[in-house]
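Me: I am new to protein structures and would like to learn how to read one. Could you take me through it feature by feature?

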Amino acid sequence: MEPVVLVEMQPDKQEAVDVASWVSVSPGGLWRVQRKWTHKWTQQSSSNTGDDASCLTNPCPKLGSLCRVKVQLKAQTDDLGGSSTTKGNEKIGVTVTELVPTPILRHHDAVLQIPLGDWVTLGLGEGQCDITEACLEGMRAGEKCEIQLTPVGTGPEASLRQPLYGDLPLIATVELQAFTPGKESWEMTPIERWEWVKSHKERGGGRFRSGDLWGAADSYSRALKLLIPLCGLVGEVEDTNCLEETQQLPSSDQLKIKKAELHSNLSLCQLKLNQPQRARDSAAKATQLEPGASKAWYRLGQACQQLNELDEAKEAFKKLLELQPDLPAAVKALKEITSREKERNVQLGLRLSKMFS
């Protein structure tokens with residue numbers, strides 16, 4: 001979700017402080033993040049990064065940037081007496097050419113998804129540590145911010161697990177030391193965007209298999225965000241017979257199928273996360289893009305069943321049986337719908353008889 005920038009007045013200093021607020025994903029659910037700055041970028045602080053050109057030509061990290069970052073819980077920072085911050089004219093002993101991604105495993109019960117208290121290197125845009133990445137998108141080298149995290153605790157987006165860090169809300173600091181250049185999605189070549197799409201889709205599959213449903217849904221959403229404009233670009237190029245820019249890409253029809261697969265996979269995640277309305281919408285998009293997608297029709301039927309949209313569910317399962325005759329799951333679902341319709345009609349008849357008796 002895109003950060004929403006607010007302005008908070010400090011009562012003792014009577015000056016404005018930028019506060020950004022957004023919702024980020026972790027394996028355990030969604031978290032509301034509020035960020036405020038504790039150390040803003042200055043010309044002097046940029047000279048401490050060891051690479052002035054990187055900070056001036058790329059003032060903030062972009063997709064693909066390798067970011068040297070340290071995250072600490074506020075309690076840890078207080079215990080250290082605030083000594084973790086890069087101070088004054090102290091030189092940072094790393095240059096962007098030395099950055100190598102730090103291997104990080106996702107843990108289902110962790111919120112921040114990053115080793116705490118140590119300098120690590122993240123690849124921006126991969127969704128490995130979503131909360132931290134969202135902070136880094138608006139930071140410059142040498143800056144530090146404080147974040148406050150609270151679980152989204154009600155409705156279909158409720159967090160499924162509580163953190164192991166202790167009391168809520170969680171308060172942590174994020175400090176960006178250095179980063180390599182990256183690109184915004186609109187700056188990428190079609191081939192670069194396509195590689196990102198494939199990477200996100202593969203990562204989503206791995207997360208789904210490991211039970212990281214929120215992470216899988218996030219990866220599929222990231223892939224779709226890049227693929228949707230790519231489909232339009234390839235279609236325009238094919239219409240004008242200018243194939244040089246896209247000759248290494250799949251055809252527009254193949255991209256449409258890939259888009260349908262992503263919507264269908266996203267629908268499955270949303271079903272398992274108890275988001276039937278979103279699952280229905282995603283599955284419907286998949287069936288429109290690829291009418292022969294059996295899995296999408298099944299997920300559409302499941303979602304409509306959960307929403308008590310029995311007529312729509314029946315149509316989805318009938319379509320599935322046209323594609324795969326005698327499929328046991330579809331036959332069973334239709335029997336359940338027929339039973340629920342009979343029960344509904346009985347209840348309706350009883351209410352009508354009471355009204356006119």
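Me: Which backbone oxygen lies 2.6 Å from a polar atom of the side chain of Gln113?
Reply: That of His107. Bear in mind that this is a predicted model. The side chain of Gln113 also reaches the backbone oxygen of Ala110, at 2.8 Å.

Me: Where does Gln113 lie?
Reply: Place a residue by its element before you look at its neighbours. Gln113 lies in the loop between α3 (74–79) and β5.

Me: Is Gln113 buried or exposed?
Reply: Compare its relative accessible area with the cut-off. Buried means under 20%. Gln113 has 3%, so this residue is buried. Leaving aside neighbours within four places in sequence, Gln113 is in contact with Pro27, Ile104, Leu105, Arg106, His107, Gln128 and Cys129.

Me: Now the overall view. How many helices and strands are there in the protein chain?
Reply: The protein chain has eleven helices and seven strands. Buried residues make up 46% of its 357 residues. Its accessible surface comes to about 18,500 Å², and 52% of that belongs to carbon and sulfur atoms.

Me: What share of the contacts with a separation of 6 or more comes from residues 24 or more positions apart?
Reply: Here you ask how far along the chain the two partners sit. For this protein chain the share is 67%.

Me: How do I check a helix? What should the 21 residues of helix α7 span?
Reply: Use 1.5 Å times one less than the number of residues. For α7, residues 252–272, that gives 30 Å. Its end C-alpha atoms are 31 Å apart, which agrees.

Me: Which residue just after α7 takes a positive phi?
Reply: Look at the backbone angle there. Asn274 has a phi of about 60°.

Me: Let us try a strand residue. Where is Ser24 found, and what does its side chain contact?
Reply: Ser24 is in strand β2, residues 15–26. Its side chain makes a polar contact with the side chain of Trp22, at 2.8 Å.

Me: Is Ser24 buried or exposed?
Reply: Apply the cut-off again. Ser24 has 2% relative accessibility, so it counts as buried. Not counting residues up to four places away in sequence, Ser24 touches Gly29, Leu30, Trp31, Val33, Asp130, Ile131 and Ala134.

Me: How does Gln34 compare? Where is Gln34 found, and what is its relative accessible area?
Reply: Gln34 is in strand β3. Its relative accessible area is 35%, so Gln34 is partly exposed.

Me: Which residue, 13 residues apart along the chain from Gln34, has its C-alpha atom 4.4 Å away?
Reply: Compare distance along the chain with distance in space. The residue is Ser21. Gln34 is in contact with Ser21 too, and with Ala20, Glu146, Ile147 and Gln148, leaving aside neighbours within four places in sequence.

Me: Next, the core. Which residues of the largest nonpolar core touch the most other members?
Reply: Look for buried nonpolar residues joined through their side chains. The largest core has 31 residues, and Leu112, Ile114, Leu136, Ile147, Leu149 and Val174 touch the most other members. Among the elements that give two or more residues to this core are β2, β3, α4 and β6. β7 gives the most, with five residues. Apart from it lies another core, of 19 residues, including Met188, Ala223, Leu227 and Cys269.

Me: Which residues does Ile147 touch?
Reply: Among them are Val33, Gln34, Leu112, Cys135 and Val174.

Me: How many disulfides are there?
Reply: Test the sulfur atoms: a pair must lie within 2.5 Å. The count here is zero. For Cys135, the nearest cysteine sulfur is that of Cys145, 4.5 Å away.

Me: Are Cys135 and Cys269 buried or exposed?
Reply: Cys135 has a relative accessible area of 0%, so Cys135 is buried. Cys269 is at 0% as well and counts as buried.

Me: One last residue. Where is Thr287 found, and which backbone oxygen does its side chain reach?
Reply: Thr287 is in helix α8, residues 276–289. Its side chain reaches the backbone oxygen of Ala284 at 2.8 Å. Thr287 has a relative accessible area of 8%, so it is buried. Leaving aside neighbours within four places in sequence, Thr287 is in contact with Ala296, Trp297 and Leu300.

Key:
Residues numbered from 1 in each chain as written. Predicted model: local features only at pLDDT ≥ 70, side-chain atom pairs only at ≥ 80, totals over all residues. Heavy atoms only, no water. Helix = DSSP H or I, 4+ residues; strand = E, 2+ residues; numbered from the N terminus. Buried < 20%, exposed > 50% of the residue type's maximum accessible area, 1.4 Å probe, protein only. Contact = heavy atoms within 4.5 Å. Areas by Shrake-Rupley, 256 points an atom, 1.4 Å probe, with all protein chains shown as cover. Polar contact = N/O pair within 3.5 Å; in protein donor to acceptor, adjacent residues only side chain to side chain. Core = buried A, V, L, I, M, F, W, Y, C linked by side-chain atoms within 4.5 Å.
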